Amino acid sequence: MELRHFRCFVALAEHLHFAHAAELLHMTQPALSQQIKALEDELGVRLFDRRKREVLLTEAGSYFLQEAQLTLKHAERAQDIAKRVARGQLGSLRIGYVSSVPFTGLLSRIASEFRQHAPGLQLVLEEIFGQEQLIKIAAGTLDAGIIRLPIEHELPHLETKVLSKERMVIAIREDHPVARLKEIPVAELRNESFIVWKAIQPNALNGHLVALAQEGNFALRIGQTAPTPAAMIALVAGGAGVALVPESLRNMNLPSVCFRPLADMERISEVAVCYRSDETSLAVWKFLKILNAFGPKALARTDSKPREPVKQAAQNSLSSDQPGF
């Protein structure tokens, strides 16, 4: 039993006239008669009572009509869904993010923009370490990721586009003697115990701290480790030490913690979206096009030029000339 049998049956059942139904279906009357007979033979049921001057539905035909109409509607819906998914208008996107990103406000802004411009697509957000995101994106189990640069792990066919930049600042208890300063010289941190993010893999935040110690020419003293940037701030509030963190973490708003910029050096943390440069999903490119408004550079696809390591890809751009844009 095929959809063409259902279409022929419904057309005849709704018009009860072979000539009219055949014209509607753009076929000859004999061909329509053959289709109806083939359907009845397959079902083993007579669907029409053919009289000399009229055609009537049998009782079985009347019940079958309701189901046949539903079948055609479901088939049309399935066809429409498949086309919408192929056009990037329907489906879901798996997006990873590192644990410090929610404090920047980027996730809420992305969700809002995406709901407005792509209401048929669902964002599935998952907190994942930056290096693990790269592996999942390259393997195709993650569509894109929001990470902090730099990322040192080199994987082919991955690109990044910077979404935002922010200063790295010192999180310190308000009653700490150094907290009285509006800006903290690096030398003042020489004897401090630092709270660091204990990540399974190397991470950009700890990289900034290592660079700070090297710039200040002092040995880094690690006081405690924390599983997340938020936990780092909680430990600062408890007096366990100081922490070098992205300025957006001040949004935690703990009353006993203040944030001070460095007086004699500047460390900038970049938040970027990472994606496959050879991505074929129109839904992913629609997501990237929406993010185009977030960063200082235009989104650009780079299939035509040599692949660059992810740690260098922050210099790359994406264009909005993708299919379906």
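Is R94 buried, exposed or partly exposed? With a relative accessible area of 33%, R94 is partly exposed, where buried stands for under 20% relative accessible area, exposed for over 50%, and partly exposed for what lies in between, with a 1.4 Å probe and protein chains only. Before I go on, please keep in mind that this is a predicted model, in which local features need pLDDT of at least 70 and side-chain atom pairs count only at pLDDT 80 or more, while totals for chains, interfaces and linings use all residues. Residues are numbered from 1 along each chain as its sequence is written, and side-chain values use heavy atoms, with hydrogens and water left out.

Let me begin with the chain as a whole. It has 9 helices and 11 strands; these are DSSP runs numbered from the N terminus, H or I of at least four residues for helices and E of at least two for strands. Of its 325 residues, 43% count as buried, and the accessible surface comes to about 16,600 Å², with 50% of that belonging to carbon and sulfur atoms; the areas come from the Shrake-Rupley method with a 1.4 Å probe, and for residues only the protein chains shown count as cover. If we take contacts, meaning heavy atoms within 4.5 Å, between residues at least 6 apart in sequence, then 72% of them join residues at least 24 apart.

Now to the charged side chains. Counting a salt bridge wherever a side-chain nitrogen of Lys or Arg lies within 4 Å of a carboxyl oxygen of Asp or Glu, we arrive at 14 salt bridges. One of them brings us back to R94, whose side chain meets that of D143 with 3.0 Å from N to O. D143 sits in the loop between α6 (130–139) and β5 (144–149), whereas R94 belongs to strand β3 (residues 91–97), so this pair ties together parts that are 49 residues apart in sequence. D143, at 7% relative accessibility, is buried, while R94, as I said at the start, is partly exposed.

A salt bridge within a helix is the one between D41 and K37, where the closest N and O atoms are 2.9 Å apart. The two residues are 4 apart in helix α3 (residues 29–43), and about one helical turn separates them. In general, an α-helix has 3.6 residues a turn, so residues three or four places apart point the same way. D41 counts as exposed at 53% relative accessibility, and K37 as partly exposed at 49%.

D49 and R46 also form a salt bridge, at 3.7 Å from N to O, with D49 partly exposed at 24% relative accessibility and R46 exposed at 51%.

Let me turn to an arginine in strand β5, namely R148, which counts as buried at 5% relative accessibility. Which side chains make polar contacts with the side chain of R148? Taking a polar contact as a pair of N or O atoms within 3.5 Å, where within protein one must be able to donate a hydrogen and the other to accept it, and where residues adjacent in sequence count only if both atoms are side-chain atoms, we find S100 at 2.6 Å and S269 at 2.6 Å. Leaving aside neighbours within four places in sequence, the residues in contact with R148 include V98, T104, E166, P246 and E270.

My last topic is the aromatic residues. Rings of Phe, Tyr and Trp (its six-membered ring) pair if their centres lie within 6.5 Å, with planes under 30 degrees apart counted as stacked, over 60 as edge-to-face and the rest as tilted. The whole structure yields 6 aromatic pairs. In one of them, F6 and F64, the ring centres are 5.7 Å apart and the planes at 20°, so the pair is stacked. F6 lies in helix α1 (residues 3–15) and F64 in helix α4 (residues 59–86), so the pair ties together parts that are 58 residues apart in sequence. Both F6 and F64 are buried. For F114 and F287, the centres are 5.7 Å apart and the planes at 70°, so this pair is edge-to-face. F114 in helix α5 (residues 106–117) and F287 in helix α9 are 173 residues apart, and both are buried.

Helix α9 (residues 282–291) is itself mostly covered, with 8 of its 10 residues buried, among them W285, F287 and L288. At its N-terminal end, S281 acts as a cap, with a side-chain oxygen 3.2 Å from the backbone nitrogen of A283.
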